[in-house]
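Me: I'm new to this structure and would like a close look at one part of it. Could you take me through the salt bridges, and then show me what surrounds them?

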Amino acid sequence: MESHRVSFSDMQQVRLGRTGLQVSEICLGMMSYGSPTWRDWVLDEEAADPFVRRAVEAGITFFDTADVYSLGESERVTGRLLAKYFPRREDYVLATKVHGRMSDSANDGGLSRKHILAGIDNSLRRLGTDHVDLYQIHRWDPLTPIEETMEALHDVVRAGKARYIGASSMYAWQFSKAQYTARANGWTVFASMQDHYNLVYREEEREMLPLCADQGVGVIPWSPLARGVLAGNRGRGGERRTTRANSDAFGDMYTDDDFAVVDANASVAAALGVSPAQTALAWLLSRPVVTAPIVGATKLSHLEDAIAATGLSLDERQIAELEASYVPHPVLGH
């Protein structure tokens, strides 16, 4: 039988917050792989295969998906490709999420006990595994008491279906309330925060990131390149230069006011002789509270930029140049 196993590189492995869990300093976001009928920039399994292989070759061991990505197909593709390239389940860290609406059924979304317990079983079936390493709530659910959500997540961990739990974009007071509720009841607390954080959106530095640093919570930012804006996929005045830019409404949250930062990033990158994506990711990796940015890739060059960024160091002058033109934003991405 043909072997698909590949050898590991020496990419740095880092602890997720104060846990004992080791993850690669780059996480490969699997939203880009699944079904093109869900989003026209999504790659199917055959097209996604080289990306996972290259990630494994580079030493990436951390992979993040969600049930709602391609309505389950991303989890199926993720599970099959990771099983293809890793010798053992212990060799990689697998994260998925729950919250998004999976059908028109009234209970097939949100963070109720019913949906969480059904959601983890459905995700495990699609992923082809008996556990995930990190089970995350994809957003805050204002309709479900936090006690119900945290107890259900604790039961998922106690059942051995998840090793750790994490949260995603929300207000710091909500995250603090969830952690307090869990601790007060002896339940599992969140080990990680997957929040919206990049050079053009730094509002998390006001409340959430100091909270995570104080509490030892690992930070795994989504959209580290601002939906590709920091890599040049959009221009001033609404210019859109790629397929994803033309169809990704999330990218519309960034405005012309952000392009002073985009220009500064391009300038620093040019001076270093690297791509803007590398400098933007290197800046994130230089933040002490950040564990691993979640990087999406639909071209192999995107993945190569992320791998190269782990070896790129920025000095204080370059960091100051990157940060100088930042414009405050309203809350985006919750």
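Reply: Here is a walk through the salt bridges, followed by a pocket, a tryptophan and the overall fold.

One thing to keep in mind from the start is that this is a predicted model. General idea before the details: side chains of opposite charge can pair when their charged atoms come close. Searching the whole structure turns up 17 salt bridges, and a few of them are worth a look one by one.

Let's start with Asp64 and Lys97, whose side chains meet in a salt bridge with an N to O distance of 2.7 Å. Asp64 sits in strand 4 (residues 62-64) and Lys97 in strand 5 (residues 93-98), so this pair ties together parts of the chain that are 33 residues apart in sequence. Are these two partners buried or exposed? Asp64 has 2% relative accessibility, and because the cut-off for buried is under 20%, Asp64 counts as buried. Lys97 comes out at 0% relative accessibility, so Lys97 is buried too.

Next up is Asp155, which forms a salt bridge with Arg113, with the closest N and O atoms 2.8 Å apart. Here the link runs between helices: Asp155 belongs to helix 4 (residues 146-158) and Arg113 to helix 3 (residues 113-127), so the pair ties together parts that are 42 residues apart in sequence. As for accessibility, Asp155 is partly exposed at 26%, and Arg113 is partly exposed at 32%.

Then there's Glu73 with Arg80, a salt bridge whose N to O distance is 3.6 Å. Glu73 counts as partly exposed, with 22% relative accessibility, and Arg80 is also partly exposed, at 42%. These two have company: Glu45, Glu73, Arg76 and Arg80 are linked in a network of salt bridges.

Now for some empty space. Rolling a probe the size of a water molecule over the atoms shows where empty space is left. The second largest pocket has a volume of about 180 Å³. Which residues lie nearest its centre? They are Tyr171, Glu203, Glu204, Glu207 and Val331, out of 14 residues that line this pocket. Sorted by class, the lining of the second largest pocket holds 8 nonpolar, 2 polar and 4 charged residues.

A good residue to find on your screen is Trp283, in helix 9 (residues 276-285). Trp283 is buried, with a relative accessible area of 0%. Leaving out residues up to four places away in sequence, Trp283 touches Tyr197, Asn198, Leu199, Arg202, Glu205, Leu314, Ile319, Leu322 and Glu323. One of those, Ile319, is 36 residues from Trp283 along the chain, yet their C-alpha atoms are separated by 7.0 Å.

Finally, zoom out to the whole protein. It has 11 helices and 10 strands. The radius of gyration is 19 Å, close to the 20 Å that the globule rule gives for 334 residues, so the protein is as compact as a globular protein of that length. Its C-alpha trace spans about 55 × 50 × 40 Å along the principal axes. Buried residues make up 58% of the 334 residues. And if you take contacts between residues at least 6 apart in sequence, 77% of them join residues at least 24 apart.

Notes: Residues numbered from 1 in each chain as written. Predicted model: local features only at pLDDT ≥ 70, side-chain atom pairs only at ≥ 80, totals over all residues. Heavy atoms only, no water. Salt bridge = Lys/Arg side-chain N within 4 Å of Asp/Glu carboxyl O. Helix = DSSP H or I, 4+ residues; strand = E, 2+ residues; numbered from the N terminus. Buried < 20%, exposed > 50% of the residue type's maximum accessible area, 1.4 Å probe, protein only. 1 Å grid on protein atoms, 1.4 Å probe; cavity = no way out; pocket = protein on both sides within 12 Å on 5 of 7 lines; lining within 4 Å. Points joined across faces, edges and corners; volume = space filled by probe spheres on them. Nonpolar A, V, L, I, M, F, W, Y, C, P; charged D, E, K, R; others polar. Rg over C-alpha atoms; globule rule 2.2 N^0.38 Å. Contact = heavy atoms within 4.5 Å.
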